[in-house]
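Here are some comments on the model you sent, set out as numbered points. Please read them with the structure open beside you.

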Amino acid sequence: MRDEGTVSVVHYWPGSEVPPHFHNVDYCSVVVEGSIEVTRRVYEPGSMRFVRANTAYGPLKAGPEGCVVIDFFAGGNADVPVETHFLDRPARGDD
């Protein structure tokens, strides 16, 4: 079990969606670029969300310009890896 916590940078592509879910630790999410709607509330750059462990929320819907957030997960066995995520990357014809 890790005690130091976890930090993730998440890039949401324009219009991408994430279904309702929860995490097993407390966390804070900070919007860096773009906008994102979470459970019918819109967050823009500088917005912060604090979520208690095991609290379901969502869906998440990225705005038309996409969104970049930094998620800070409390210590414990966080269910996310330490890395940068790119969610719902659009398909490209040359892939």
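1. Strands, as the word is used below, are DSSP runs of at least two residues, numbered from the N terminus. With that in mind, please note that this is a predicted model, and that P59 is found in the loop between β5 and β6. The peptide bond that joins G58 to P59 is cis, with an omega of about 5 degrees. This deserves a comment, because most peptide bonds are trans.

2. Two residues should be looked at for their backbone angles, because most residues other than glycine have a negative phi. In R40, which is not a glycine, phi is positive and near 70 degrees; this residue is found in the loop between β3 and β4, the latter being strand 41-43. With a relative accessible area of 74%, R40 is exposed. The other residue is N54, whose phi is also positive, at about 65 degrees, although N54 is not a glycine. N54 has its place in the loop between β5 and β6, and it counts as exposed because its relative accessibility is 52%, where the cut-off for exposed is over 50%.

3. Side chains of opposite charge can pair when their charged atoms come close, and the structure holds 1 salt bridge of this kind. The partners are R52 and D26, whose closest N and O atoms are 3.6 Å apart. This pair links distant parts of the chain, since R52 lies in the loop between β5 (48-51) and β6 (60-73), while D26 lies in the loop between β2 (17-18) and β3 (27-38), and the two are 26 residues apart. As for their surroundings, R52 counts as exposed at 61% relative accessibility, whereas D26, at 31%, counts as partly exposed.

4. How many aromatic pairs does the structure hold? There are 2 aromatic pairs, and each can be described in turn. The rings of Y27 and Y57 have centres 6.0 Å apart and planes at 40 degrees, so this pair is tilted. Y27 belongs to strand β3 and Y57 to the loop between β5 and β6, 30 residues apart, so that the pair links distant parts of the chain. Both Y27 and Y57 are buried.

5. Is the pair of Y27 and F73 stacked or tilted? Here the ring centres are 4.8 Å apart and the planes are at 15 degrees, so the pair is stacked; the cut-off for this word is an angle under 30 degrees. This pair, too, links distant parts of the chain, with Y27 in strand β3 and F73 in strand β6, 46 residues apart. Y27 is buried, with a relative accessible area of 6%, and F73 is buried with a relative accessible area of 6%. Taken together, Y27, Y57 and F73 form one aromatic cluster.

6. Finally, please follow R49, which should be viewed together with two tyrosine rings. The charged end of R49 sits over the ring of Y43, at 5.8 Å from the centre of that ring. R49 also lies over the face of Y57, where the distance to the ring centre is 4.8 Å. Y57 therefore appears twice in this note, as a ring beneath R49 and as a member of the aromatic cluster with Y27 and F73.

How values were computed
Residues numbered from 1 in each chain as written. Predicted model: local features only at pLDDT ≥ 70, side-chain atom pairs only at ≥ 80, totals over all residues. Heavy atoms only, no water. Salt bridge = Lys/Arg side-chain N within 4 Å of Asp/Glu carboxyl O. Helix = DSSP H or I, 4+ residues; strand = E, 2+ residues; numbered from the N terminus. Buried < 20%, exposed > 50% of the residue type's maximum accessible area, 1.4 Å probe, protein only. Phe/Tyr/Trp six-rings, centres within 6.5 Å; stacked < 30°, edge-to-face > 60°. Lys NZ or Arg CZ within 6 Å of the ring centre and 35° of its normal.
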